[in-house]
Amino acid sequence: MILEALGSAVLGLALAWAAMHRLSHRLPARSLVLPTGAAGALFGAFLTHSALDAGNVLLILTGATTVSAASLSLLVRPTGKLRRQSATA
């Protein structure tokens, strides 16, 4: 179980680092993105481990990666190219 937690935290940090490297102009500060990736991965591992038991480490790490990606996607801001016009214009 400790290896699952460490593995999921490393996967979450790697995913957050890749997102910062690729989408740095659309994400907030690095001090928010990296912990969000790790916390999302740990929460995903906890959920998957609770649902599936400790039978399959690969599925638990997949669940951790999925929840981490979902939590990181909530931090992405729009590019600012969209222009909204009011209904009266």
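Two residues are said here to be in contact when heavy atoms of theirs lie within 4.5 Å, and with that meaning in mind the packing of this predicted model can be followed from one helix to the next. Through such contacts E4, G7, S8, L11, G12, L15 and A16 in helix 1 meet V57, I60, L61, A64, T65, S68, A69 and L72 in helix 3. Helix 1 covers residues 2-22, and its axis comes within 9 Å of the axis of helix 3, the two crossing at roughly 35 degrees. The crossing in which helix 1 passes helix 3 is right-handed.

These helices belong to a simple overall plan, since the secondary structure of the protein comes to three helices and zero strands, and the pattern read along the sequence is α-α-α.

The other packing to consider is that of helix 2, residues 30-52, against helix 3, residues 57-73, where the axes are 7 Å apart and the angle is about 140 degrees. Angles over 145 degrees would count as roughly antiparallel, and helix 2 and helix 3 are therefore oblique to each other. Their crossing is right-handed. On the side of helix 2 the contact is made by V33, T36, G37, G40, A41, F43, G44, A45, T48, H49 and L52, while helix 3 contributes L59, I60, G63, A64, V67, S68, S71 and L72.

Which residues does S68 contact, once its neighbours within four places in sequence are left aside? They are G12, L15, G37, G40 and A41. Of these, G12 and L15 are listed for helix 1 in its contact with helix 3, whereas G37, G40 and A41 are listed for helix 2, and S68 itself has its place in helix 3. Is S68 buried or exposed? Its relative accessibility is 1%, and because buried means under 20%, S68 counts as buried.

Turning to the chain as a whole, buried residues make up 29% of the 89 residues in the protein. The radius of gyration is 16 Å, whereas a compact globule of 89 residues would have one near 12 Å, and the C-alpha trace spans about 60 × 25 × 15 Å along its principal axes. Among contacts between residues at least 6 apart in sequence, 68% join residues at least 24 apart. The protein exposes about 6300 Å², and carbon and sulfur atoms supply 67% of that area.

Definitions and conventions:
Residues are numbered from 1 along each chain as its sequence is written. This is a predicted model: local features need pLDDT of at least 70, side-chain atom pairs count only at pLDDT 80 or more; totals for chains, interfaces and linings use all residues. Side-chain values use heavy atoms; hydrogens and water are left out. Helices (H or I, at least four residues) and strands (E, at least two) are DSSP runs, numbered from the N terminus. The radius of gyration is taken over C-alpha atoms; the globule rule is 2.2 Å times the number of residues to the power 0.38. Buried means under 20% relative accessible area, exposed over 50%, partly exposed in between (1.4 Å probe, protein chains only). Accessible areas come from the Shrake-Rupley method with a 1.4 Å probe; for residues, only the protein chains shown count as cover. Axes are lines fitted to C-alpha atoms, for helices over the stretch in contact, and angles run from 0 to 180 degrees between N-to-C directions. Angles under 35 degrees count as roughly parallel, over 145 as roughly antiparallel, 65 to 115 as roughly perpendicular and the rest as oblique. A crossing is left-handed if the near helix is turned anticlockwise from the far one by less than a right angle, and right-handed if clockwise.
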